[in-house]
Amino acid sequence: MDRLLRLAGLSRDVLFITNRVRCQPPRNRLDDHPEALLACEHWTVEELKVYNPRVVVVMGKTAIKGVFPKFTSVTDMRGRVRTTGPEHRYGARTFVSSAHPAAALREKSWEALIVEDLLLGKELAE
């Protein structure tokens with residue numbers, strides 16, 4: 001993540017990074033343990049209330065699905081900008097969908113795409 005942020009000209013001191021899943025289930029199998037996604041959901045909701053970001057870059061299937069349950073795939077969603085209203089559990093925000101940072105470790109071509117999405121988030125926030 002730090003490398004991707006550097007490539008996008010961002011630093012951790014100007015943004016907030018969190019994780020929707022804070023306790024990994026056995027073998028990190030989230031599909032087999034949906035309760036792991038809900039176990040810490042209240043923290044995510046509370047953090048968004050406290051930090052109140054206008055723009056959120058959601059990275060990876062789990063994060064995107066948490067905001068947009070009917071999403072299709074990371075490939076289809078990445079780079080898209082969508083907004084939610086005040087009735088959404090995460091509030092009225094602008095979301096940019098992107099791949100999980102680990103995708104750049106597995107497949108080098110994802111690196112440029114993720115950096116592009118981070119830059120889009122930065123542009124929207126400015």
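**A pocket, a sheet and a nonpolar core**

The largest pocket is lined by 42 residues, and those nearest its centre are Thr18, Val56, Val57, Val58 and Met59. The structure is a predicted model. The space in this largest pocket comes to about 1,400 Å³. Strand β1 makes the greatest contribution to the lining, with 5 residues. At least two lining residues come from each of α3, β1, α4 and α7.

Strand β1 spans residues 55–59. It belongs to an open sheet of 3 strands, ordered β1-β3-β2, with mixed pairing. The edge strands are β1 and β2, each of which pairs on one side only. On average, neighbouring strands of the sheet are turned by 30 degrees against each other, direction ignored.

The two pairings run in opposite senses: β1 and β3 are parallel, whereas β2 and β3 are antiparallel. Between β1 and β3 there are 5 bridges. Val56 has Phe95 as its bridge partner in β3. Val58 is partnered in β3 by Ser97. Strand β2, residues 81–84, is joined to β3 over 4 bridges. Here Thr84 stands opposite Arg93 of β3.

Strand β3 covers residues 93–98, and 6 of its 6 residues are buried. Side chains in a regular strand alternate between the two faces of the sheet. In β3, Arg93, Phe95 and Ser97 point one way. Thr94, Val96 and Ser98 point the other way. Both sets are buried.

The largest nonpolar core holds 25 residues. Val58, Phe95, Ile114 and Leu118 touch the most other members. Elements that give two or more residues to this core are α1 (2–7), α3 (41–51), β1, α4 (61–67), α5 (74–77), α6 (102–106) and α7 (109–125). Helix α7 supplies the largest share, 4 residues. In soluble globular proteins, nonpolar side chains tend to be buried together.

The contacts of Leu118 were examined without its neighbours within four places in sequence. On that basis, Leu118 is in contact with Met1, Leu4, Leu5, Ala8 and Leu10, and also with Val57 and Met59. Val57 and Met59 are also among the residues nearest the centre of the largest pocket. Val58 is another residue of that central group, and Val58 is likewise one of the core residues that touch the most other members.

Two further residues are less covered. Arg82 lies in strand β2. It counts as partly exposed because its relative accessibility is 34%, between the limits of 20% and 50%. Neighbours within four places in sequence aside, Arg82 is in contact with Phe68, Met77, Arg93, Thr94 and Phe95. Of these contacts, Arg93, Thr94 and Phe95 are buried residues of β3. Arg82 and Lys70 are 12 residues apart in sequence, and their C-alpha atoms are 13 Å apart in space.

Gln24 sits in the loop between α1 and α2 (35–39). With a relative accessible area of 46%, it falls between the same two limits and is therefore partly exposed. Asp13 is 11 residues from Gln24 along the chain. The C-alpha atoms of these two residues are separated by 26 Å.

How values were computed: Residues are numbered from 1 along each chain as its sequence is written. This is a predicted model: local features need pLDDT of at least 70, side-chain atom pairs count only at pLDDT 80 or more; totals for chains, interfaces and linings use all residues. Side-chain values use heavy atoms; hydrogens and water are left out. Buried means under 20% relative accessible area, exposed over 50%, partly exposed in between (1.4 Å probe, protein chains only). Two strands pair if DSSP finds at least two bridges between them. A nonpolar core is a set of buried Ala, Val, Leu, Ile, Met, Phe, Trp, Tyr and Cys residues joined through side-chain atoms within 4.5 Å. Contact means heavy atoms within 4.5 Å. Axes are lines fitted to C-alpha atoms, for helices over the stretch in contact, and angles run from 0 to 180 degrees between N-to-C directions. On a 1 Å grid over the protein atoms alone, a cavity is a set of points where a 1.4 Å probe fits but cannot get out, and a pocket is an open set with protein on both sides within 12 Å along at least five of seven lines; lining residues have an atom within 4 Å of a point. Grid points are joined across faces, edges and corners, and a volume is the space filled by probe spheres set on the points.
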